[in-house]
Amino acid sequence: MYNKDTISAISTAVGSAGIGIIRLSGKDSIAVADKIFFAKNKKSLRKIETKTATLGYIKNFSGEIVDEVIVLIMRAPKSYTCEDVVEIQSHGGGVVLQKILSLTLQAGARLAERGEFTKRAFLNGRLDLTQAQAVMDIIQAKTSTALNIAQKQLQGKTGSEIRALREEILKLLAHIEALIDFPEDEVEELSGGSLQNQIDNQLAQIKNLLTNFERGKIFREGLATAIIGKPNVGKSSLLNFLTDSDRAIVTDIPGTTRDVIEEFINLDGVPVKIIDTAGIRNADNLVEQIGVEKSRSLINDAQLILALFDSSKNLSAEDFEILQLIKNRRTIILLTKTDLPEKISVAEIEKLTDAQIIKISTKTGAGMYELQQAVVNFVGVVDLEQSFIRTERDADILHKVQKHLQDAKVSLLNGLEIDFISIDLHSALELLGEITGEGATEDVIDKIFATFCIGK
């Protein structure tokens, strides 16, 4: 299913650092590294024991020293990819890493594709597809909670639950097909109630996985939270307060923010992607008009909206427009500038919306803790022991599995022949295999790993 060439790539991030790593994997990885590495103990890499660190030099083919390095050897199958793996630990400068990488390619390796190391770990049976995808979640984790969730998935939590669900369906399917194929044998009959209970249990598991999908997505990508309001209502001040920075320009001039500004913050383990938008009003300036249109579109895309209203001023036409825009959207209303004399009361806003209302002041910090807790409560308590489906693809597969199980239940309730139930259970079984990788096509696998970074 895959090209078994020896591959090589830089596995550390771009930029200067104390250490950089070039990783090779494949049957010739030791031989390739041996052509450019010269150990201080004079030993060939072929004679060095596995999982041993060796100090020496990388030299080019003219014999010039490129860098002093440490080389680690991990022989198959006890490596990340289950192949022979060599890791060259050099100094972390971009130039030296590129030179060493180039030498490995000249010595017989080829440049690894995106995610090819993890793809080989999957294809060689070390990881299932849910674990392989968890690798990227660990790399990209923005909070400790997100990291804990990813680690659970890497340990096989989701894959184990999917396989257990498949096993339940398989046992049920085997029993049904035994009844169909061997009607005269003493195969225990399945009562309608027993069959329905088993299907209901499977549907409950699917529902739980789908419920956790949205929550897991928040911890991977951040809760997309749009700050909206008319100009000069305090949007940029709120962004700066939450990020503890001067990320956005704050002035008394309306329309200062004309483009979207995004920042990530960590609220009690919840990664929140704060999006500061242009003030919503009828703008004359073309650039500001574009910014206002972006603000309106972000209202539809955001998972949570923080709608700001200046409590020191009476409600304006722009405020009423914003109240219409956020109707039926998940919103927290913020009454800003509460350190000034109040002209808008909570009671007045309560007549216009069912959303939660919080009074805040970025100058004094009043209400900010309450706001942060409201955002955390929006996500809810996360049980790290639960399984989390990672991608839209997996969620779509689960929706299809759910539909087949529901169709099987309808067939049962309508008294149809057991053969009809068997067809839907077969389809559900095959689909579940695509999540862990047993039934995934080569094209699908290639597409998944193409989202990884090179070197992982």
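Q: Buried means under 20% relative accessible area, exposed over 50% and partly exposed in between, computed with a 1.4 Å probe on protein chains only. Which of these classes fits Lys 337?
A: This is a predicted model, in which local features need pLDDT of at least 70 and side-chain atom pairs count only at pLDDT 80 or more, while totals for chains, interfaces and linings use all residues. Residues are numbered from 1 along each chain as its sequence is written, and side-chain values use heavy atoms, with hydrogens and water left out. Lys 337 is in the loop between strand 12 (331-336) and helix 11 (346-350), where helices (H or I, at least four residues) and strands (E, at least two) are DSSP runs numbered from the N terminus. Because its relative accessible area is 26%, Lys 337 is partly exposed.

Q: What is the phi of Lys 42?
A: Lys 42 is in the loop between strand 3 (37-39) and strand 4 (52-59). Its relative accessible area is 77%, so Lys 42 is exposed. Although Lys 42 is not a glycine, its phi is positive, at about 70 degrees.

Q: Which residue has its backbone oxygen 2.6 Å from a polar atom of the side chain of Ser 311?
A: Ser 311 is in the loop between strand 11 (304-310) and helix 10 (317-325), and Ser 311 is buried because its relative accessible area is 1%. Leaving aside neighbours within four places in sequence, its contacts (heavy atoms within 4.5 Å) include Leu 335, Lys 337 and Pro 341. The backbone oxygen at 2.6 Å belongs to Thr 336.

Q: How many residues does helix 12 give to the largest nonpolar core?
A: A nonpolar core is a set of buried Ala, Val, Leu, Ile, Met, Phe, Trp, Tyr and Cys residues joined through side-chain atoms within 4.5 Å. The largest has 31 residues, and Leu 306 and Leu 371 are among those with the most contacts inside it. Helix 12 gives the most to this core, with 6 residues.

Q: How are helix 8 and helix 12 oriented to each other: roughly parallel or roughly perpendicular?
A: Axes are lines fitted to C-alpha atoms, for helices over the stretch in contact, and angles run from 0 to 180 degrees between N-to-C directions. The axes of helix 8 (residues 235-243) and helix 12 come within 12 Å and cross at roughly 80 degrees. Angles under 35 degrees count as roughly parallel, over 145 as roughly antiparallel, 65 to 115 as roughly perpendicular and the rest as oblique. The crossing angle therefore makes the two helices roughly perpendicular.

Q: What distance separates the C-alpha atoms of Val 376 and Leu 267?
A: Val 376 is in helix 12 (residues 368-379) and is buried, because its relative accessible area is 15%. Leaving out residues up to four places away in sequence, Val 376 touches Leu 267, Asp 268 and Val 270. Val 376 and Leu 267 are 109 residues apart along the chain, and their C-alpha atoms are separated by 6.7 Å.

Q: Over which residues is the pLDDT below 50?
A: The predictor's confidence in each residue is its pLDDT, from 0 to 100. The protein has a mean pLDDT of 86, and 89% of its residues reach 70 or more. One stretch has 30 contacts in the model beyond near neighbours in sequence, yet its pLDDT is below 50: residues 248-258.

Conventions
Polar contact = N/O pair within 3.5 Å; in protein donor to acceptor, adjacent residues only side chain to side chain.
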